[in-house]
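Here's a quick tour to read with the model open beside you. We'll start at one helix position, then work through the fold, the core, the surface and a few odd backbone spots.

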Amino acid sequence: MDLCAIIVGISYFILSAIFLFINGIIIVVLSVNKEFKSITYRIIKTLCFSCILQLIPFLIGGVMSVAQSSLSYHLDRVLGILVQSGWMFYICVTFTLAVDRLLIFTCPRSPKLLTIPVILLIFSFIFCLSTATLMALNVFSFTYKHAGGYYFWGYDIEGNRKSAFVLSIEPYVDMGIFAMNFVVYIAICIHLLKMKKLAGPKSNFQKAEIRIFTVALISFTYEALFVIWTFWVPIFSILGVKATFIFLNMTWIVECGMFASLTLIINGNLRRKYTTAKGKGNHSENALGSPFI
């Protein structure tokens, strides 16, 4: 067997399993505590769920890499649908969360405006299901086999010509949504800067401002770079075909674990909440607070 394929496949499997666990932690902790029933927490759980949808194909893809086989044509098709519809789901939900944060900080007392995230969340589900349906109808398709190897989930431009057209427009859709996310978070930071002058240097607003901006900046930068180097940077000529596929697949896996990991790193209360729930089953009130505070 190919030693490179074994090492890469095991790496995919382990990293995907770790991020599956982290995303699962957040979903479980938010689900078992009755106080976390607001739309914000539902959005966060949905975001983690969209990452799980993508991580499952990456986990199984690790096995495919080791075996250098798709294992089954139908399995390849189903997992391709899952990973791409999960990605489209993810980028829509990230925008939903950004809008939710903006409304919470700027006009928390306007119930009518706070229904906007609910509408966006419903749209995210519809967009995900629409993508999955189109792929199931073979309008365009994803596969794990490229250039005779099994290292990367990508458009099946050889087996489906329509995939080439979708491939040409997706980067602009992705970048457009990520750019809107960044603009929204900048607007939040500007608002919090104004509030900081009124609240004083030690206010919670200042802490929220720094953490929200940090998460937004790191996430936006990574997501933007991911799309740019995937679609526009000629890394095939730099790294070679196999290394490029491995690089892109690995960075995509990291993308699926970034939000959950940053949330755990920044939010010590969430980690303690999980530890308490695991060790004692004791759920203290309001331990999580804001998802960014």
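Let's begin with Ile186, which sits in helix H5. With 29% relative accessibility, Ile186 falls in the partly exposed class, because that class runs between 20% and 50%. Its C-alpha lies 9.6 Å from that of Leu102, a residue 84 positions away along the chain. Bear in mind throughout that this is a predicted model.

**Overall layout**

- The protein chain holds 9 helices and 2 strands.
- Going along the sequence, the order is α-α-α-α-β-β-α-α-α-α-α, with the two strands following the run of four helices at the start.
- The chain has 293 residues, and 49% of them are buried.
- Take the contacts with a separation of 6 or more: 73% of them join residues 24 or more positions apart.
- Accessible surface adds up to about 14,000 Å², and carbon and sulfur atoms account for 71% of that.

**Helix H2 and the nonpolar core**

- H2 covers residues 39–67, which makes 29 residues.
- From first C-alpha to last, H2 reaches 43 Å, close to the 42 Å expected at 1.5 Å a residue.
- Most of H2 is covered, with 22 of its 29 residues buried.
- The largest nonpolar core has 70 residues, and the members that touch the most others are Phe58, Trp87, Trp153 and Trp252.
- H2 is the biggest giver to this core, supplying 13 residues.
- As general background, nonpolar side chains in soluble globular proteins tend to be buried together.
- What does Trp252 touch, leaving aside neighbours within four places in sequence? Its contacts are Gln54, Phe58, Val83, Gln84, Trp87, Phe142, Phe152, Trp153 and Phe226.
- That contact list includes Phe58, Trp87 and Trp153, the residues named alongside Trp252 as touching the most other core members.

**Links between distant parts of the sequence**

- Ile25 belongs to helix H1 and is buried, at 9% relative accessible area.
- Ile25 and Ala260 are 235 residues apart in sequence, yet their C-alpha atoms are 8.9 Å apart in space.
- Asn181 is another H5 residue; its relative accessibility is 5%, so it counts as buried.
- Beyond residues up to four places away in sequence, Asn181 touches Thr94, Phe95 and Ala98.

**Salt bridges**

- How many salt bridges turn up in a search of the whole structure? The search finds 2.
- One of them pairs the side chains of Lys242 and Asp2, at 3.6 Å from N to O.
- Lys242 is in helix H8 (residues 241–266) and Asp2 is in the segment before helix H1 (3–32), so this pair ties together parts that are 240 residues apart in sequence.
- Both ends of that bridge are partly exposed: Lys242 has a relative accessible area of 37%, and Asp2 comes in at 35%.
- Arg101 and Asp100 also meet through their side chains in a salt bridge, at 3.2 Å from N to O.
- Are Arg101 and Asp100 buried or exposed? Arg101 is buried, and Asp100 is buried too.

**A nonpolar patch on the surface**

- Tyr172, Leu225, Ile228, Trp232, Val233, Ile238, Leu239 and Phe247 form a nonpolar surface patch, with about 740 Å² of accessible area together.
- Helix H6 (204–231) and helix H7 (235–239) are the elements that give two or more residues to the patch.
- Val233 lies in the loop between H6 and H7, and its 33% relative accessibility makes it partly exposed.

**Backbone spots to check**

- Most residues other than glycine have a negative phi, so positive values at non-glycine positions catch the eye.
- Gln68 follows H2 and has a positive phi, near 50°.
- Leu71 isn't a glycine either, but its phi is positive at about 70°.
- You'll find Leu71 in the loop between H2 and helix H3 (73–106), where it is partly exposed with a relative accessible area of 47%.
- Asn138 is a further non-glycine with a positive phi, about 65°.
- Asn138 sits in the loop between helix H4 (116–136) and strand S1 (142–146), and at 38% relative accessibility it is partly exposed.

How values were computed: Residues numbered from 1 in each chain as written. Predicted model: local features only at pLDDT ≥ 70, side-chain atom pairs only at ≥ 80, totals over all residues. Heavy atoms only, no water. Expected span 1.5 Å × (residues − 1). Buried < 20%, exposed > 50% of the residue type's maximum accessible area, 1.4 Å probe, protein only. Core = buried A, V, L, I, M, F, W, Y, C linked by side-chain atoms within 4.5 Å. Contact = heavy atoms within 4.5 Å. Patch = residues over 30% accessible without salt bridge, like charges linked within 9 Å, V, L, I, M, F, W, Y side chains within 5 Å. Areas by Shrake-Rupley, 256 points an atom, 1.4 Å probe, with all protein chains shown as cover. Salt bridge = Lys/Arg side-chain N within 4 Å of Asp/Glu carboxyl O.
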